[in-house]
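Me: Could you take a close look at how the helices pack against each other in this model? Please go through the pairs one by one, and say which residues make the contacts.

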Amino acid sequence: MKPIQVGLLGIGVVGSGTFNVLLRNQEEIKRRAGRGIEITMVADLNVTRARELVGPDVTVVNDARAVIANPDIDIVIELIGGYGIAKTLVLEAIAAGKHVVTANKALLAVHGTEIFAAASAKGVMVAFEAAVAGGIPIIKALREGLTANSIQWIAGIINGTTNFILSEMRDKGLDFAVALKQAQALGYAEADPTFDIEGVDAAHKATIMSAIAFGIPVQFDKAYVEGITKLGAADIKYAEQLGYRIKLLGITKRTPKGIELRVHPCLIPAKRLIANVEGAMNAVVVQGDAVGTTLYYGKGAGAEPTASAVIADLVDITRLHTADAAQRVPHLAFQPNAMSNLPVMPMGEVVTSYYLRLRVADETGVLAKVTGILAGAGISIDAVLQREADEIKTEATAGQPQVPQTDVIILTHDCLEADMNAAIGKMQALPTVLEPITRIRKEELA
Ligand code: HSE
């Protein structure tokens, strides 16, 4: 049988990785897929560089629409990224009857409903293993391997850049900005690194996992998103002293009231496996009612790890494209006519526990006032740590009289986020609380 022909839109880091791995492992991939898979056409604005990468046997053009219009192309790989032209091209490829493979989490988290509906109507597949956690086959695991389970929750380190930054800050005492520059130099960061450090990239991925886990539409607009830019070295140190690590987690959870979908820094017990995932590595914990806890670990970015996921999708499509569309694995794991309307809950309704750090004037009765406010809000305290003033670098300018200060660190038991917000408001208003209160959510992941 003649090889399946693939057109590639965008040959950057992941595109060239895909081309190289497909070429290097072509014989084994053919033995698995039952048919050869060849990238025969590439579109990239930098035609000269693209030609150098793929050699003379592949057609190189600067117009992506020429790939979509080519009747010999069976599958289009979209590696352009973003919500703009990539969306137009994916929809045009679907309309032209092409199957699509994409690593574009932003596109699917925001426009997935429209794209999957268009694909279903046309009878083509849109495959996106590479969109979440790079080389880790987490989409396959959630959609197929765990299909017997009622998924209870997922918690993942799904952004390598921020995990790298947090690891460097903790291990080497590096400043945030220095660690970010290193992550960018190593090629982990998004084109716009604010997507990494503000939690947006992780929220795109959490949104996709949430949809597949619970059979709800992709709803990025309902995700709570908080990044790591406000984390200080002091919090990383205090968390360590309390037996926790701080990680940026993407969490989605089934509750009696609806679905939680949130990305924020999190204290997790240092003894959990996922707490020990360092550098740019990704890891996802999935809790299913039948299987219990499962953990998936690997590289979440980079040329060949992401290529591994892209090519797995090419193989799936090669095997399944002749199957009746109704017999294929549904895009979001559940049949399109059996999706759930469980609501994504507002953050105020989320129940979790907290780490609080208050820089206070070291005066009699301060702690009593703070704990009194928490007690008044019905919030139970789990642990309190106080750091002596001489351990604290004050930011007061030289020559100004300095109020003796201390850091009070409080761990709470579970409470409603809305109650915590109200309590923080009251504590912040105390004249003895000298700086904005740091609040980091805590998950035991038991
Ligand atoms: N910027 C992403 C990360 C790349 O740091 O994980 C993979 O999506």
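Reply: Helix α1 passes helix α13 in a right-handed crossing (the near helix is turned clockwise from the far one by less than a right angle; anticlockwise would be left-handed). This is a predicted model, in which local features need pLDDT of at least 70 and side-chain atom pairs count only at pLDDT 80 or more, while totals for chains, interfaces and linings use all residues. Residues are numbered from 1 along each chain as its sequence is written, and side-chain values use heavy atoms, with hydrogens and water left out.

Spanning residues 13-24 and 303-320 respectively, α1 and α13 pack at an angle of about 65°, and their axes are 8 Å apart (lines fitted to C-alpha atoms over the stretch in contact, with angles from 0 to 180 degrees between N-to-C directions; helices are DSSP runs of H or I, at least four residues). On the α1 side, V13, V14, G17, T18, N20, V21, L22 and R24 take part, and they meet A303, E304, T306, A307, V310, I311 and L314 of α13 (contact means heavy atoms within 4.5 Å).

Helices α8 (residues 160-172) and α9 (residues 176-185) pack with their axes 9 Å apart and at an angle of about 135°, which makes α8 oblique to α9 (under 35 degrees is roughly parallel, over 145 roughly antiparallel, 65 to 115 roughly perpendicular, the rest oblique). The crossing of α8 and α9 is right-handed, and its contact brings T161, F164, I165, E168 and M169 of α8 together with F176, A179, L180, Q182 and A183 of α9.

For helix α7 (residues 138-145) and helix α11 (residues 200-214), the axes are 9 Å apart and the packing angle is about 15°, so α7 is roughly parallel to α11. Here too α7 passes α11 in a right-handed crossing, and I138, I139, L142 and R143 of α7 make the contact with I208, M209 and I212 of α11.

A charged link also joins two helices: the side chains of R65 and E92 meet in a salt bridge at 2.7 Å, N to O (a side-chain nitrogen of Lys or Arg within 4 Å of a carboxyl oxygen of Asp or Glu). This pair links distant parts of the chain, since R65 lies in helix α4 (residues 64-69) and E92 in helix α5 (residues 85-95), 27 residues apart. The structure holds 27 salt bridges.

Note on methods
Helix = DSSP H or I, 4+ residues; strand = E, 2+ residues; numbered from the N terminus.
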